[in-house]
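User: Please take one close look at the interior packing of this model, from its nonpolar cores to the individual side chains that line them. I would like one connected account, with the cut-offs stated.

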Amino acid sequence: MALPVIRNFVVPALLAALTVSPALAQSGFTSAYTDLNLDDCLILEADDFGASWACPGYKGYPLMVQEGDLRFSLSYGFEPDENGVGFQTLPPFNYLGAKLEWRLSNALGRWFPIATIVRYHTAHPETGEDYGQVLVVSQIAEGNNCHIAYVDARANANANELAREAADKAGDFDCMTDEIEIIGAFGAY
């Protein structure tokens, strides 16, 4: 008599576990957001030609913002000079959007940042007025941090989804040899 009770308990529990598993398997990535407000950052250096700030990143992950020649760049990690390709920005004058999207992977059994997405506002080359918006996807990998993809936020209705798809491929990009991918229609500069 005990066997049917066990079967009645085990079969529904097994079915419940199987219906949950596909959902968990699909969610290998997620997003977290931090503000990108330079007033909340520590000024590391500043002069007439530019500045650099240490800013709060995702759960304390180190983030450095640099500005030079009216262009911005982001660096990640405890050794940003050794982890990346240096000051990397877009060609036109630009400034950063107010939010930084961190793409997180749970491939290691815990959520860890593998990429970021930030909106760069670009200036018109002749007038200097606001012109374009580019979602810049950057890979975060020890010794291999860099831009991996650009998505024109105004030219693509699904720009955020395109940027997330590119970010979720982070880790396989070689910053020294691979070319930055331009995804979708592009006319931001």
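Analyst: The answer below goes from the overall fold to the cores, then to one helix, the aromatic rings and two single residues. The model is predicted, so local features are given only at pLDDT of at least 70 and side-chain atom pairs only at pLDDT 80 or more, whereas totals for chains, interfaces and linings use all residues. Residues are numbered from 1 along each chain as its sequence is written, and side-chain values rest on heavy atoms, with hydrogens and water left out.

The protein has three helices and 10 strands, taken as DSSP runs (H or I of at least four residues for helices, E of at least two for strands) and numbered from the N terminus. Along the sequence they follow the pattern α-β-β-β-β-β-α-β-β-β-β-α-β. Of the 189 residues, 43% count as buried, where buried means under 20% relative accessible area, exposed means over 50% and partly exposed lies in between, with a 1.4 Å probe and protein chains only.

A nonpolar core is here a set of buried Ala, Val, Leu, Ile, Met, Phe, Trp, Tyr and Cys residues joined through side-chain atoms within 4.5 Å. The largest such core has 25 residues, of which Val 65, Leu 74, Tyr 76, Leu 96, Trp 102, Val 118 and Tyr 120 touch the most other members. Strands S3 (50–55), S4 (63–68), S5 (71–76), S6, S7 (112–123) and S8 each supply at least two of its residues, and S6 gives the most, with four. A second, separate core of 19 residues includes Ile 114, Ile 117, Ala 166 and Cys 175.

Helix H3 (residues 159–167) has Ala 159, Leu 162, Ala 163, Ala 166 and Ala 167 buried. These residues lie on the same side of H3, because they cover an arc of only 135 degrees around the axis, the arc being that of the directions from the helix axis to the C-beta atoms. The buried residues of H3 pack against S6, S7, S8, strand S9 (146–152) and strand S10 (181–183).

Rings of Phe, Tyr and Trp (its six-membered ring) pair if their centres lie within 6.5 Å, with planes under 30 degrees apart stacked, over 60 edge-to-face and the rest tilted; the count comes to six aromatic pairs. Tyr 58 and Trp 102 form a tilted pair, because their planes stand at 40 degrees, with ring centres 6.4 Å apart. This pair joins the loop between S3 and S4, which holds Tyr 58, to strand S6, which holds Trp 102, 44 residues apart. Both Tyr 58 and Trp 102 are buried, and they belong to one aromatic cluster with Tyr 61, Tyr 76 and Phe 112.

Leu 104, also in strand S6 (residues 94–105), counts as buried because its relative accessibility is 3%. Contact means heavy atoms within 4.5 Å, and beyond four places in sequence Leu 104 touches Gly 28, Phe 29, Thr 30, Ala 32, Tyr 58, Trp 111, Phe 112 and Pro 113. Its C-alpha atom is separated by 5.8 Å from that of Ile 114, 10 residues apart along the chain.

Gln 139, in strand S8 (residues 130–139), counts as buried because its relative accessibility is 0%. The Gln 139 side chain reaches the backbone oxygen of Asn 144 at 2.9 Å. Leaving aside neighbours within four places in sequence, the contacts of Gln 139 include Ile 114, Ala 115, Cys 146, Ile 148, Phe 173 and Cys 175.

Notes
A polar contact is a pair of N or O atoms within 3.5 Å; within protein, one must be able to donate a hydrogen and the other to accept it, and residues adjacent in sequence count only if both atoms are side-chain atoms.
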